[in-house]
Amino acid sequence: MSCEGQIMTQAPPAKPTPGLFKRNPPIAGEAEAIEAAKNGDAEAFSKLYTLHKRRVYTLCLRMLGNVSEAEDMTQEAFLHLFRKLGSFRGESAFSTWLHRLTVNLVLMQLRKKGLNLVSLEETINPSEEDAPKRDFGSRDPVLTGSVDRVALERAVASLPPGYRMVFVLHDVEGFEHNEIASMLDCSTGNSKSQLHKARLRLRELLRHPSESPLPEVTSEVTK
Amino acid sequence: MNQPGDINFDTLKPEEFERYLPELFANGDGKVSKDPRLQKFLARHPDCAALVSDLETIAETAKSLFAPVGDPSDKVWSNIQSKLREESALSSESDLSSEQNGEEQLREID
């Protein structure tokens with residue numbers, strides 16, 4: 001991973017992402033608030049915070065799996081937003097732009113932390129022992145076509161950081177594999193493969209819940 | 001990464017299927033269970049069909065996690081406000097200092 005420097009200067013994508021536009025429709029009054037905040041209107045910036053704090057915080061919480069770190073990162077994301085707002089040109093939905101900015105900050109934070117960086121690398125390129133086990137031919141219980149949302153939250157929070165990152169970015173946040181590959185500085189094939197392994201690991205955790213440790217995030221997520 | 005274009009669906013074995021699965025999920029709408037080319041194979045291999053069904057269920061349920069879980073605590077906003085005030089004060093000081101330097105330079109020129 002050698003894109004730490006790029007993340008600071010990497011502009012959010014100019015090209016709109018259709019999937020994210022669907023999930024991030026424009027919000028009434030947002031455009032006016034953005035323009036006013038660009039001109040230093042503190043009240044308008046406060047409005048932007050109110051409109052987007054939940055989404056940003058939720059994204060940080062899912063990616064970091066820790067309430068305290070997620071709050072710190074939410075704070076950083078909005079401070080960064082304040083400084084960079086002038087460069088938002090409206091070529092993508094504001095929430096998509098803010099989303100990308102937050103993801104980049106979280107990734108940079110994870111790379112700064114030695115321990116997480118190691119585990120991220122390990123799960124981006126896991127050894128055979130780390131990879132989820134093959135289980136064709138097994139007679140373990142299947143998920144019977146439904147998964148409890150809270151159980152999935154818990155399982156996702158207990159995934160290794162690299163698996164969690166790709167799963168959250170693709171399956172929860174709706175990013176495409178090519179976008180994830182660019183963010184994580186890996187190949188598209190690697191992103192697809194990691195997503196698949198993350199889902200396999202989740203399947204194991206959901207079929208054998210006792211093997212899933214209770215992460216800190218759970219109490220917050222299940223509120 | 002194994003490409004689905006290489007697959008012979010008539011002779012496909014479960015081990016090969018597993019290798020192709022990430023790509024099969026990434027292509028199309030991710031509904032591997034509905035892929036017409038795989039219907040016979042999945043009918044022959046119920047464990048593979050169960051795996052596909054489970055992974056589709058996980059991916060589908062994950063969409064519901066997009067909804068926000070809650071607000072950050074109030075201290076986040078108060079921290080943001082104080083940081084911005086600090087930055088604003090520093091920036092004003094720096095502006096003032098450069099203005100003063102400019103005035104001193106002008107006086108020197110005069």
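# A tour of chains A and B

Start with chain B: from its N terminus on, the elements run α-α-α-α. That makes 4 helices and 0 strands in chain B. The model is predicted, and it scores ipTM 0.74 and pTM 0.72.

**Stop 1: chain B, coloured by pLDDT**

The mean pLDDT of chain B is 84, with 80% of its residues at 70 or more. Select helix H2 (residues 39-44) of chain B, where confidence in this chain is highest, at a mean of 95. Then select helix H4 (residues 74-109) of chain B, where it is lowest, at a mean of 76. Where pLDDT is low, the predicted coordinates should not be read in detail.

Chain B has 110 residues, of which 23% count as buried. Of the contacts in chain B between residues at least 6 apart in sequence, 34% join residues at least 24 apart.

**Stop 2: Ser53(B)**

Select Ser53(B), which lies in helix H3 (residues 46-63) of chain B. Is Ser53(B) buried or exposed? Ser53(B) has 18 C-beta neighbours inside 10 Å, and a residue needs 20 or more to be buried, so Ser53(B) counts as partly exposed. Now add Asp29(B) and draw a distance between the two C-alpha atoms: Ser53(B) and Asp29(B) are 14 Å apart in space and 24 residues apart in sequence.

**Stop 3: chain A as a whole**

Switch to chain A, which has 12 helices and 0 strands. Buried residues make up 43% of its 223 residues. Among the contacts in chain A with a separation of 6 or more, 73% are between residues 24 or more positions apart.

Colour chain A by domain: domain 1 covers 15-112, and domain 2 covers 147-208 + 218-223. Where the two meet, 13 residues of domain 1 of chain A are in contact with 11 residues of domain 2 of chain A. On the domain 1 side, select helix H2 (18-23), H4 and helix H6 (94-112) of chain A, each of which supplies at least two residues. This side of domain 1 divides into 8 nonpolar, 3 polar and 2 charged residues.

**Stop 4: the nonpolar core**

Next, show side chains for the largest nonpolar core, which has 72 residues. Which residues have the most contacts inside it? They are Cys60(A), Val106(A), Leu152(A), Val156(A), Val166(A), Phe167(A) and Leu202(A). H4(A) gives the most to this core, with 11 residues.

Centre the view on Val156(A). Leaving out residues up to four places away in sequence, Val156(A) touches Arg164(A), Phe167(A), Val168(A) and Leu202(A). Phe167(A) and Leu202(A), like Val156(A), are among the core residues with the most contacts. In soluble globular proteins, nonpolar side chains tend to be buried together.

**Stop 5: helix H11 of chain A**

Select helix H11 (188-207) of chain A. Its 20 residues should span 28 Å at 1.5 Å a residue, and the end C-alpha atoms of H11(A) are 29 Å apart, which agrees. Of these 20 residues, 15 are buried, so H11(A) is largely enclosed by the rest of the structure.

**Stop 6: the loop before H11, and H10**

Step back to Asp185(A), in the loop between H10 and H11 of chain A. Phi of Asp185(A) is near 55°, a positive value in a residue other than glycine. Most residues other than glycine have a negative phi. Asp185(A) has 16 other C-beta atoms within 10 Å and is partly exposed.

Ser182(A) is in helix H10 (residues 177-184) of chain A. With 17 C-beta neighbours inside 10 Å, Ser182(A) also counts as partly exposed. Add Ser46(A) to the selection: Ser182(A) and Ser46(A) are 136 residues apart in sequence, and their C-alpha atoms are 32 Å apart in space.

**Stop 7: where the chains meet**

Finally, display both chains and select the contacts between them. How many residues of chain A are in contact with chain B? There are 39, in contact with 34 residues of chain B. Helices of chain A that each supply at least two residues of this side include helix H4 (42-64), helix H5 (67-84), helix H8 (149-157) and helix H9 (161-172). H11 and helix H12 (217-221) of chain A do so as well. Colour this side of chain A by residue class: 14 are nonpolar, 10 polar and 15 charged.

Methods: Residues are numbered from 1 along each chain as its sequence is written. Chains are lettered from A and ligands numbered from 1 in the order in which they are written. A residue is buried if 20 or more other C-beta atoms lie within 10 Å of its own, exposed if 12 or fewer, and partly exposed in between; C-beta atoms are placed from the backbone. Two residues are in contact if their C-beta atoms, placed from the backbone, lie within 7 Å. Ala, Val, Leu, Ile, Met, Phe, Trp, Tyr, Cys and Pro count as nonpolar, Asp, Glu, Lys and Arg as charged, and the others, Gly among them, as polar. The expected span of a helix is 1.5 Å times one less than its number of residues. Domain bounds come from an automatic or database domain assignment. pLDDT is the predictor's confidence in each residue, from 0 to 100. A nonpolar core is a set of buried Ala, Val, Leu, Ile, Met, Phe, Trp, Tyr and Cys residues joined through C-beta atoms within 7 Å.
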